[in-house]
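Please find below my notes on this structure, set out as numbered points. They begin with the chain as a whole and then turn to particular residues and pairs.

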Amino acid sequence: MAPAAYAGDPTVLPALTGDQAWRLLDAVIGVASDLSLPDVLRRIVDSAVRLGGARYGALGVLDEGGGELAEFLVTGLDAEAQRKIGAHPTGKGVLGLLIAQPGPVRLPDIRLHPQSYGFPPHHPPMHSFLGVPVRVGGAVFGNLYLTDKVGAPEFTIGDEQVVVALAAAAGVAVEKARRYRDSRRREQWLEAANAITPALLAERGPDEVLDRIARQARTVTDAELAVVALPARDGESWVIRAAAGTEARQLIGRLIDGRHPVVAEALKRPEALRRTDPDVALALLGRSSPAVLVVPVALGSDPLALLVVAGQGPFHEVDRPAASTFGNQAALALEVARAQDDQRRLALYEERDRIARDLHDSVIQRLFGTGLRMQGLRELVTQPSVEQQLSEFVDDLDTTIRDIRRTIFDLRDTPEPGPVSLRAQLLQTIRDAARTLHVDPRITFTGPLDTKVPDEVRDDVLATLREALSNAARHAEAGQVHVEVTVIEPEPCVWLLELSVRDDGRGIRTGSRAGGGLANMGNRASRWGGRCLVEPNAEGGTHVYWSVPLPAEPGTLADEPVEVAR
């Protein structure tokens with residue numbers, strides 16, 4: 001039997017019996033009684049099944065292109081039956097009839113139609129079929145599908161008419177729910193932008209602002225994951241600095257390829273970019289997600305950061321301008337936080353420089369003069385014991401002068417405001433590891449770490465430190481861990497970066513082979529012409545020694561070790 005088309009205007013109610021009219025009116029009231037779009041869609045398909053007298057029903061929602069089904073709500077099948085059937089249909093075969101030519105379709109047996117694809121395994125047998133499009137604002141929003149007329153071999157023209165009438169009322173309800181959803185979504189984006197402000201008032205700095213941007217974006221979209229990435233040193237990639245959601249911490253430090261088509265397109269457009277290709281999330285975040293929202297955090301045309309939100313979706317059309325506005329507000333907050341941070345750094349550097357000058361111009365000169373006078377007194381002393389004491393006092397003064405000079409060196413060895421210093425990165429790495437080590441490692445820094453170590457070497461020394469501390473946490477059961485990071489000049493104009501990690505744990509087993517982590521540490525050292533040794537401590541435990549040569553700048557002096565108090 002060929003598809004039967006209902007030639008009447010779907011917006012005009014057909015002639016119905018009294019019982020049909022009452023049931024239709026009740027269904028229309030039920031559908032329109034809620035503003036939640038998911039609830040409205042569920043009520044539509046349930047009402048259609050009751051009005052049409054069907055055993056099974058479904059509502060297929062079309063994707064943006066209108067060529068496939070993006071959502072598929074089913075009634076008549078329990079969750080276990082749907083799980084066994086598998087993925088929902090995308091609109092092929094008979095279901096695609098309404099997509100290609102929107103209009104009512106009635107069939108006595110769906111299996112006999114030339115476009116029937118049959119049913120997947122575990123699918124219940126179905127025979128009679130009725131399909132009706134649902135229009136919203138003149139465009140097809142989706143299709144109602146009913147199968148297996150209860151108590152009759154097929155659906156009647158009356159069933160078709162009443163379901164067409166329901167579809168017309170459903171379109172109005174869907175449009176109303178979508179407008180409410182979009183209005184609420186815009187409001188949520190604005191609330192999210194306002195929620196970033198407290199971090200500025202509390203002067204928490206850029207890191208706190210980045211965390212809030214990620215958390216607020218994830219809350220608004222109800223996504224699985226949201227990350228914020230900053231421009232990487234290579235000028236092309238983006239490095240993730242903040243993340244919120246499932247296994248978010250594992251993504252910190254991951255690079256996002258700025259040349260990826262989605263990223264490149266998002267940075268060129270003035271508003272957010274939506275994607276429903278799971279491979280996009282896989283390429284950007286290393287994990288697959290059905291939907292991705294990419295938002296440039298920018299003031300004008302120059303992006304300060306990149307916000308990527310991934311989840312089940314779908315992201316809606318309203319999310320594009322709303323997320324773009326959120327990105328602009330977030331960029332302003334980030335710029336203000338950076339300015340505040342620069343002011344704090346500048347004040348700190350000025351104070352450090354003042355202290356260094358005072359120590360050098362006042363304290364050291366006085367101590368030096370006192371030492372000279374004490375040395376002059378030695379010639380007037382005749383008792384050997386007193387002369388010995390004077391010599392010890394002079395040595396103590398020399399040691400104190402060296403300590404003060406070392407302190408002056410550390411105060412002035414501070415990079416200009418901008419990227420995080422290597423010392424800060426090392427301290428943060430050690431703090432993160434302390435949670436799994438269950439001990440606070442002792443830390444010693446020596447020499448001009450922040451001015452001598454190139455950016456490309458930083459990543460390797462940080463990765464090596466993470467690996468060494470991870471091994472100590474997993475295998476050593478150590479009670480003490482001592483980390484030493486040193487930049488020395490063993491020969492004129494020859495600089496060396498040394499990393500030493502000692503623990504008092506169980507020690508490395510004799511004859512054990514280097515695994516992936518140890519091999520990676522060795523490879524990182526070899527890359528720069530250095531070396532890596534992992535050996536037992538003489539007093540027990542394990543010692544990891546990693547060193548690489550550094551490019552030299554003539555005229556810079558090395559210094560003696562200074563332990564950093566935690």
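1. The accessible surface of the chain comes to about 29300 Å², and 52% of that surface belongs to carbon and sulfur atoms. The reader should keep in mind that this is a predicted model, and that every value in this note is computed from it. Of the 566 residues of the chain, 45% count as buried.

2. The secondary structure amounts to 15 helices and 17 strands. As for how the chain is joined across its sequence, among contacts between residues at least 6 apart, 63% join residues that are at least 24 apart.

3. Strand β5 deserves a paragraph of its own, and D148 is a convenient place to start, since D148 lies in this strand, which covers residues 139-149. With a relative accessible area of 8%, D148 falls under the 20% limit and therefore counts as buried. Once its neighbours within four places in sequence are left aside, D148 is in contact with G53, A54, R55, Y56, P125, M126, H127, S128 and F155.

4. Also in strand β5 is K149, whose side chain meets that of D159 in a salt bridge, with a distance of 3.0 Å from N to O. Because K149 belongs to strand β5 while D159 belongs to helix α5 (residues 157-194), the pair ties together parts that are 10 residues apart in sequence. Both partners are buried, K149 as well as D159.

5. A search of the whole structure finds 3 aromatic pairs. In one pair, the rings of F72 and Y145 have their centres 6.2 Å apart and their planes at 35°, so the pair is classed as tilted. F72 lies in strand β2 (residues 69-75) and Y145 in strand β5, so this pair ties together parts that are 73 residues apart in sequence. F72 and Y145 are both buried, and together with F129 they form one aromatic cluster.

6. The structure holds 16 salt bridges in total, and the background to such pairs is that side chains of opposite charge can pair when their charged atoms come close. One of them joins R83 to E80, with the closest N and O atoms 2.6 Å apart. Both residues lie in helix α3 (residues 79-85), where they are 3 residues apart, or about one turn of the helix. At 56% relative accessibility R83 counts as exposed, whereas E80, with a relative accessible area of 39%, is partly exposed.

7. Helix α7 (residues 206-221) has 16 residues and reaches 23 Å from its first C-alpha to its last, which is close to the 22 Å expected at 1.5 Å a residue. The buried residues of α7 are P206, E208, V209, L210, R212, I213, A214, Q216, A217, V220 and T221. Just after the helix, D222 takes a positive phi of about 55°.

8. Within helix α7, E208 forms a salt bridge with R212, and the closest N and O atoms of the two are 3.1 Å apart. Because E208 and R212 are 4 residues apart in this helix, about one helical turn separates them. The general geometry is that an α-helix has 3.6 residues a turn, so residues three or four places apart point the same way. Both E208 and R212 are buried.

9. How are R184, E187 and E191 linked? These residues are joined in a network of salt bridges.

10. Which residues form a nonpolar patch on the surface with about 220 Å² of accessible area together? They are L299, L332 and V336. V336 has its place in helix α10, which covers residues 319-377, and at 33% relative accessibility V336 counts as partly exposed.

11. The last point concerns a loop. G529 has its place between α15 (516-527) and β15 (531-536), and with a relative accessible area of 61% G529 is exposed. The C-alpha atoms of G529 and P549 are separated by 7.0 Å, although these residues are 20 residues apart along the chain.

Key:
Residues are numbered from 1 along each chain as its sequence is written. This is a predicted model: local features need pLDDT of at least 70, side-chain atom pairs count only at pLDDT 80 or more; totals for chains, interfaces and linings use all residues. Side-chain values use heavy atoms; hydrogens and water are left out. Helices (H or I, at least four residues) and strands (E, at least two) are DSSP runs, numbered from the N terminus. Buried means under 20% relative accessible area, exposed over 50%, partly exposed in between (1.4 Å probe, protein chains only). Contact means heavy atoms within 4.5 Å. The expected span of a helix is 1.5 Å times one less than its number of residues. Patches are made of residues with over 30% relative accessible area and no salt bridge: like charges are joined within 9 Å, nonpolar side chains (Val, Leu, Ile, Met, Phe, Trp, Tyr) within 5 Å. Accessible areas come from the Shrake-Rupley method with a 1.4 Å probe; for residues, only the protein chains shown count as cover. A salt bridge is a side-chain nitrogen of Lys or Arg within 4 Å of a carboxyl oxygen of Asp or Glu. Rings of Phe, Tyr and Trp (its six-membered ring) pair if their centres lie within 6.5 Å; planes under 30 degrees apart count as stacked, over 60 as edge-to-face and the rest as tilted.
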